[in-house]
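Here is a short briefing to read with the model open beside you. Its topics are charged pairs, strand pairing and enclosed space.

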Amino acid sequence: VGYGTETLGLMLIGMALCVCASASTPNDYAQRWPVVGALPDNAYAIELDESVYRAVRREDLSDLSVFNAAGEELPFGPAPAMYGPAPAVWLPAKAFQLPVQAGQSESQINMQIKQGVQGGMHLDAEVSKHAGKPAAFEWIIEARHSGQANEALQLMVAEQSADFTAQVAVEGSDDLQQWRHLGSAMLVSLQQDGRRLQKLTVDLADGDADYLRVRFPDPPPGLVVNGFRLKQRAVGTLGTPGLRWLQAEWLSRDGSANIYRVPAWVPHEQLDIDLQGVNAIAHFSVSSRQREDHAWRYQADLTAFHLRAGGLAMDSEALALPPGRTRHWRIESDTVLKDPPVLKIGYRPERFLLLTHGAPPYVLAAGSLTVKRNYTPLQALAAEVGRKQGSAWRPGIAHLGAPMRSAADAAADGRMPGNGKQALLWLTLILGAGAIMFMVYRLLRKPAE
């Protein structure tokens with residue numbers, strides 16, 4: 001009987017190990033997407049969209065896998081650094097001021113910060129006429145950097161500069177002869193009670209220009225420019241995805257603060273606050289935490305404003321965030337706000353690399369707290385493919401089709417696989433443990449020979 005019990009225990013343990021080692025299937029995940037455009041035995045870059053970020057359950061995105069038609073899991077993961085863009089950085093720009101020219105416009109917008117009757121801060125603006133034409137400021141900026149794309153230009157203002165508002169236009173050229181419009185903005189620098197309200201950045205629509213021309217048609221009195229900075233990003237083999245915005249869910253109030261939750265595991269890059277009011281301004285202290293049971297951690301201060309006057313529109317700049325996937329945010333205002341502001345998170349979709357084998361169709365699966373993607377040394381594999389294909393080889397581009405709900409949805413949205421493997425595993429382990437305990441009990445009761 002002891003031998004039979006021992007055999008049974010070993011068999012049950014073996015069954016448990018087999019279940020543990022068995023590969024996952026698409027049905028272990030909450031949601032699936034067809035991979036469009038991928039063929040067998042090749043490498044493809046797939047850009048994750050918002051629906052994928054909403055479906056994943058793990059912060060590290062390890063519950064993302066791709067399967068072929070036979071249900072085999074394929075090598076898949078974040079694209080190696082050699083194919084992806086590096087984080088953007090601000091670098092000082094070499095600028096040359098051109099001779100002063102006469103301006104063309106005879107009007108200027110003037111702004112003042114005023115205290116509201118209920119304690120709130122407001123921006124008042126008016127358009128004034130000049131008796132004469134002011135001088136125009138122009139700079140030429142050398143923006144040529146190998147492999148770098150220009151995303152934004154920032155004005156550096158001297159501390160002694162007086163309060164000002166000024167329209168600025170930025171043009172780009174590759175030969176200093178033909179110029180194309182890249183962007184324009186209303187810049188502002190106001191100070192009151194020791195605080196400075198500033199918007200000094202212009203987003204650039206085309207990052208390939210070798211030279212930039214910065215024009216202030218109506219430079220305000222007292223403007224002292226110390227220089228410029230360029231926000232640049234390495235282009236990368238697969239290019240740089242555009243910035244997307246995701247609105248956070250408002251949860252509750254906490255005194256003068258508002259609490260929000262980001263509904264997806266997006267890799268945040270910027271944070272923006274919309275006051276939902278015209279000519280309004282408010283100063284915020286921004287804090288965050290990853291989970292509800294964590295303490296709040298201070299991130300930065302941000303002054304948000306929203307101005308519409310004289311046919312012009314001007315909004316505050318978004319707050320730059322360190323890399324991460326923080327879900328919970330708290331913004332506390334030092335003025336009374338009737339309605340909760342709108343909180344938005346700016347992010348750039350990540351690109352994952354897929355190495356295909358077996359017959360299509362291929363399917364991306366996401367959303368599980370019980371299974372993880374198998375680790376694959378993608379960088380080494382991709383380097384080997386590139387060595388065989390030649391230095392000019394690049395991964396192809398595949399796309400995701402419309403999402404489909406999977407069988408795991410019926411089992412708490414990915415918390416338990418829908419094929420019953422989790423239940424079978426636990427049952428097998430319990431039976432195996434019981435069999436081993438019974439075997440040990442019989443051996444202890446057996447008289448020594």
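Asp-254 is a good place to begin: with a relative accessible area of 38%, Asp-254 is partly exposed. Please keep in mind that this is a predicted model. Asp-254 takes part in a salt bridge with Arg-330, and a search of the whole structure finds 15 salt bridges. The same kind of search for enclosed space finds 1 cavity of 30 Å³ or more.

**Salt bridge between Asp-254 and Arg-330**

- The closest N and O atoms of Asp-254 and Arg-330 are 3.4 Å apart.
- This pair links distant parts of the chain, since Asp-254 sits in strand 18 (residues 249-254) and Arg-330 in strand 25 (residues 328-333), 76 residues apart.
- Arg-330 counts as buried because its relative accessibility is 15%, and buried means under 20%.
- Asp-254 is partly exposed at 38%, a value that falls between the 20% and 50% limits.

**Salt bridge between Arg-215 and Glu-138**

- The side chains of Arg-215 and Glu-138 form a salt bridge, with an N to O distance of 2.9 Å.
- Arg-215 belongs to strand 15 (residues 211-216) and Glu-138 to strand 9 (residues 135-142), so the bridge ties together parts that are 77 residues apart in sequence.
- Which partner is buried and which is partly exposed? Glu-138 is buried, at 5% relative accessibility, whereas Arg-215 is partly exposed, at 25%.

**Other charged contacts**

- Asp-174 and Arg-180 also meet through their side chains in a salt bridge, at 3.7 Å from N to O.
- Both partners here are partly exposed: Asp-174 has a relative accessible area of 42%, and Arg-180 has one of 29%.
- Have a look, too, at Glu-151, Arg-233, Glu-269 and Arg-348, which are linked in a network of salt bridges.

**Strand 27 and its partners**

- Strand 27 covers residues 351-355, and 4 of its 5 residues are buried, so the strand is described as mostly covered.
- Strand 2 (residues 43-47) runs antiparallel to strand 27, and 5 bridges join the two.
- One bridge partnership between these strands places Ala-43 opposite Leu-355 of strand 27.
- Strand 4 (residues 76-78) is also antiparallel to strand 27, joined to it by 3 bridges.
- On that side, Pro-78 has Phe-352 of strand 27 as its bridge partner.
- As general background for looking at strands, side chains in a regular strand alternate between the two faces of the sheet.

**The cavity**

- The largest cavity has a volume of about 40 Å³.
- Residues lining the largest cavity include Leu-153, Gln-154, Leu-155, Val-168, Val-170, Val-214 and Phe-216.
- Leu-187, Leu-200, Val-202 and Phe-228 are also among the residues of this lining.
- Which elements give two or more residues to the lining? They are strand 10 (148-157), strand 11 (164-173) and strand 15.
- Strand 10 gives the most, with 3 residues.
- What is the make-up of the lining by class? There are 10 nonpolar residues and 1 polar residue, with no charged residues.
- Strand 15 appears in two of these topics: this strand gives two or more residues to the cavity lining, and it holds Arg-215, the salt-bridge partner of Glu-138.

How values were computed
Residues numbered from 1 in each chain as written. Predicted model: local features only at pLDDT ≥ 70, side-chain atom pairs only at ≥ 80, totals over all residues. Heavy atoms only, no water. Salt bridge = Lys/Arg side-chain N within 4 Å of Asp/Glu carboxyl O. Helix = DSSP H or I, 4+ residues; strand = E, 2+ residues; numbered from the N terminus. Buried < 20%, exposed > 50% of the residue type's maximum accessible area, 1.4 Å probe, protein only. Pairing = 2+ DSSP bridges. 1 Å grid on protein atoms, 1.4 Å probe; cavity = no way out; pocket = protein on both sides within 12 Å on 5 of 7 lines; lining within 4 Å. Points joined across faces, edges and corners; volume = space filled by probe spheres on them. Nonpolar A, V, L, I, M, F, W, Y, C, P; charged D, E, K, R; others polar.
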